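The exercises below ask how strands and helices are arranged in a single chain. Each task is followed by a solution that goes step by step.

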Amino acid sequence: MKMYQKITFWVFIIFIFSDSYAQEPGYRISFSIEGIEDPVLYLESHYGNHCFIMDSAHVKAKKEILFSSKKKVLPDGIYSLANKAGDIYLEFIVEHERNFSISSTLKTLKKERIIKNSEENVLFFEFQKARSNNQEDEINFQQFIETSPQSLMAKYIKAQYLPIEIPSSLLKDSSDTGLYEQYNYLIEHYFDQIDLNDERLLRTPLHVNIGKFFTEIIPQESGVIVSQVKDFISHIQNQEVKNYYLSSLIDILDQNNPAYGAALVYLFDQYCPDGTCHWLEENYARIFKKKVERIRKLLPGSTIPPLTAYDLNHKAISTASINHDYILLWFWDPDCDHCIEETPKWFEFYHEFKDFYDLEVYAISVTEDEDRWKKFIEQH
């Protein structure tokens, strides 16, 4: 059972003002499903990883359901007929036709349908039956793609079901060098099957797992992540799709992980040129801006403002007075288990390598309990 997810505000704004709304308004889609018991059914739409209700209709006495409007625009996409609990009865495509009907019975819904005035849904149903009756490795996906390569269905099938094919010449080499080349090929061609400039794919059940790519597959090094983020976005010219993936990248990379900091700063500097991320909801845009300002100060090569703290003799000591090649800032607490474990290691490292690296440690206890602080120092 799948419950509806609440669509976020920024997605709703993108959806309302997208270029797809240049389409002519109006639709009339009817269903007749004998045996259905729900009093009301819903026209469920997709946007990226979110689902929301586009329309609703009462189930009439003869089990007829009609969704219609003369003013609303129904953008191209894959839609679902669902009940209040989120159970999906069927999926269908809206692309060329917005005036069609689908009839069946609850028992034969997956095997037999009478579809009128929508050739795209006749073909889409044949694809659904193939998936229902066969293992995925037994389905000839190409036959559905080649029927109309630029259609929404073809692009959806290609993106959702066709894997990245590593050339056989690379697969033959099982040496470390060969495996490294296979890995690089996977990274370079990871999004090859997805038309990232077709906004219609945002309105399908397609799940583009960019999170796995950026947080697991590529090396988790700051420079590599920035380079891959830059390359990924540079391939997207469609503004609606670009806005969606910019927001998605922020959600993915905003994890307080130092490796992602430079990428977040890059996204802000590159796509918020006036200091405002217009593609984010206003309140979150302000939060993101403040977060980037903090992250920027901690990037490699940045200079922090001088810190001043008091030692055991109540003497103020500033980092500005320390003249060494390296200064390690160590923030700790007497009751912090991690601090208790790691501080002795730093203590040992310091005495062994302080001269070799010209290193000094500036350790600041974050507790406000002076007695606990002094006691810990005396004991250790």
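Two strands are taken to pair if DSSP finds at least two bridges between them, and this criterion is applied here to a predicted model.

**Exercise 1.** Determine in which sense β1 and β7 pair, and over how many bridges.

*Solution.* Strand β7 covers residues 99-105, and its pairing with β1 is parallel, with 7 bridges. Two residue pairs can be located within this pairing: Arg-28 stands opposite Asn-99 in β7, and Ile-33 has Ser-104 of β7 as its bridge partner.

**Exercise 2.** Place β1 in its sheet by working out the strand order and the kind of pairing.

*Solution.* Begin with the other partner of β1: β1, residues 27-34, runs antiparallel to β4, residues 64-69, and 6 bridges join the two, with Tyr-27 bridged to Ser-69 in β4. The sheet that results is open and has 4 strands in the order β4-β1-β7-β8, with mixed pairing. Its edges are formed by β4 and β8 (114-116), each of which pairs on one side only. On average, and with direction ignored, neighbouring strands of this sheet are turned by 10° against each other.

**Exercise 3.** Work out which strands stand at the edges of the sheet β3-β2-β5-β6.

*Solution.* This open sheet consists of 4 strands, and its pairing is antiparallel. Because β3 (50-58) and β6 (88-94) each have a single partner strand, they stand at the edges, and one side of each is left without a neighbour in the sheet. From one strand to the next, the twist averages 25°. For β3, the partner is β2 (residues 40-47), which runs antiparallel to β3 and is joined to it by 8 bridges; here Tyr-47 has His-50 of β3 as its bridge partner. A helix also meets this sheet: α2, residues 119-133, lies across β5 (77-82) and β6, and runs at about 135° to β6.

**Exercise 4.** Classify the packing of α9 against α10 from the angle between them, and describe the contact by residue class.

*Solution.* Helix α9 (residues 239-253) packs against helix α10 (residues 258-271) at an angle of about 150°, and their axes are 10 Å apart. Since angles over 145 degrees count as roughly antiparallel, α9 is therefore roughly antiparallel to α10. The crossing of α9 past α10 is left-handed. On the α9 side the contact is made by Lys-242, Leu-246, Leu-249, Ile-250 and Leu-253, and on the α10 side by Tyr-260, Ala-263, Leu-264, Leu-267 and Tyr-271. Sorted by class, this contact has 9 nonpolar residues, 1 charged residue and no polar ones.

Key:
Residues numbered from 1 in each chain as written. Predicted model: local features only at pLDDT ≥ 70, side-chain atom pairs only at ≥ 80, totals over all residues. Heavy atoms only, no water. Axes fitted to C-alpha atoms, helices over the stretch in contact; angles between N-to-C directions. Parallel < 35°, antiparallel > 145°, perpendicular 65-115°, else oblique. Left-handed = near helix turned anticlockwise from the far one by under 90°. Contact = heavy atoms within 4.5 Å. Nonpolar A, V, L, I, M, F, W, Y, C, P; charged D, E, K, R; others polar.
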